[in-house]
2 protein chains.
Amino acid sequence: MRRLAIALVHHPVLDRSGATVTSAVTNMDVHDLSRSARTYGATDFFVTTPIEAQRTLVETILGHWTHGSSAQRIPTRKDALEIVRVVPTLDAAIAALGGRDQVEVWVTAARTEAGKEALPDYTAARARLRGGDPRTVLVVFGTSWGLVPALVESADARLPPIQGVGSYNHLSVRAACAITLDRLVGER
Amino acid sequence: MRRLAIALVHHPVLDRSGATVTSAVTNMDVHDLSRSARTYGATDFFVTTPIEAQRTLVETILGHWTHGSSAQRIPTRKDALEIVRVVPTLDAAIAALGGRDQVEVWVTAARTEAGKEALPDYTAARARLRGGDPRTVLVVFGTSWGLVPALVESADARLPPIQGVGSYNHLSVRAACAITLDRLVGER
């Protein structure tokens, strides 16, 4: 499998009305996505927010779990949170992985009209993840109502929306990330 | 597909040391599991806790989202939380689905030594969910460090543990539920 990383973007994302906003970092997102990433072999989980105070807060929480008393108490949480990296922008995440020509950016979107044609299905995505391309695959998740169209369009590929049964597909980002990683990496 | 329901058990569950405890209800579990259940066509999501004050709290939160101002503001959350039913025990959930002879209970466990042989794989579980058995399938998730052995042993079947890559599989229950439902119901 190619090197795999994930990113959770808090800006620029859409709000309910379609406006571009910065969402607040949710503590449980950091925990859940790091545990899912660690379970499925991702090497890095980038939490991206332009708000310096929120980056500082996340770093403090990470220190508590990776070096504080909780690191001894629940070492499996330490193992997960050690792969978290806090950065101001998605570009900074890409730079940390070696720069734009070393990274293939895959975006996720629940909306089908997201402005970039999706890969045909997860079978194709799995095959691409196991191909010979030397670039790292960075799978990008949006908070709030999702990534802004410009960010979707700038990606190299878009994963298909996750469909359940019927038209309802309002999964939490914690659930969507877990399902996406299981579909890409999990046993079949 | 057979009728599908899920339950999240807060007692009796194991703590880190293996003792039997009652865990606290986590607000985000109620939201995330209801959204995943609704996405994958489950008809009911039972939140089971013996603590009356916690049941009252969950009912208050549900009222806020299904009848309060938030029901107008975010109607997709209302659609999800409408399937939540708050009950004191797993037996009460089974009774609400018609009683023990109307329900096939499937437990989940991350531990491989969980005291009941698991179904061979999710392909077998998918086939069983689509079989002709008239009973409702109730998939049971544990909080904290998982369901106590007696509860696992009393079930009709156990789903295989979710394996990622390597030995780390400390998923949150929010992630595990999402992946389980996707493996059982999601498009293949």
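Here are four short exercises, each with a worked solution, on a predicted model.

**Exercise 1. Work out how chain A and chain B are related.**

Let's start with the general idea: two copies of a chain are related by a rotation about an axis and a shift along it.
- Step 1: Look at the rotation. Chain A is superposed on chain B by a turn of 180 degrees.
- Step 2: Look at the shift and the fit. The shift along the axis is 0.0 Å, and the RMSD is 0.0 Å.
- Step 3: Conclude. The two copies are therefore related as by a two-fold rotation axis.
- Step 4: Check the contact surface. Of the contact residues of chain A, 100% recur in chain B, and the same surface serves both copies.

**Exercise 2. Decide how compact chain A is for its length.**

- Step 1: Note the elements. Chain A contains eight helices and eight strands.
- Step 2: Compare two values. The radius of gyration of chain A is 16 Å, and the globule rule gives 16 Å for 188 residues, so chain A is as compact as a globular protein of that length.
- Step 3: Add the dimensions. The C-alpha trace of chain A spans about 45 × 40 × 35 Å along its principal axes.
- Step 4: Look inside. In chain A, 55% of the 188 residues count as buried.
- Step 5: Look at the contacts. Take those in chain A between residues at least 6 apart in sequence: 81% of them join residues at least 24 apart.

**Exercise 3. Place Q102(B) in its surroundings.**

- Step 1: Find the loop. Q102(B) sits between helix 5 (90-96) and strand 6 (103-107) of chain B.
- Step 2: Classify its exposure. Buried means under 20% relative accessible area and exposed means over 50%. Q102(B) has 38%, so this residue is partly exposed.
- Step 3: List its partners. Beyond the neighbours within four places in sequence, Q102(B) contacts L97(B), R135(B) and T136(B).
- Step 4: Add a distance. V137(B) is 35 residues from Q102(B) along the chain, and their C-alpha atoms are 9.0 Å apart.

**Exercise 4. Find unusual backbone angles in chain A.**

Keep this in mind: most residues other than glycine have a negative phi, and most peptide bonds are trans.
- Step 1: Check omega. The bond joining H11(A) and P12(A) is cis, with omega about -5 degrees.
- Step 2: Locate the proline. P12(A) belongs to the loop between strand 1 (4-9) and strand 2 (13-14) of chain A.
- Step 3: Check phi. S144(A) is not a glycine, yet its phi is positive, near 55 degrees.
- Step 4: Locate the serine. S144(A) lies in the loop between strand 7 (136-142) and helix 7 (149-153) of chain A, and is partly exposed at 42% relative accessible area.

Conventions. Residues numbered from 1 in each chain as written. Chains lettered and ligands numbered in written order. Predicted model: local features only at pLDDT ≥ 70, side-chain atom pairs only at ≥ 80, totals over all residues. Heavy atoms only, no water. Least-squares fit on C-alpha atoms with pLDDT ≥ 70 in both. Contact = heavy atoms within 4.5 Å. Helix = DSSP H or I, 4+ residues; strand = E, 2+ residues; numbered from the N terminus. Rg over C-alpha atoms; globule rule 2.2 N^0.38 Å. Buried < 20%, exposed > 50% of the residue type's maximum accessible area, 1.4 Å probe, protein only.
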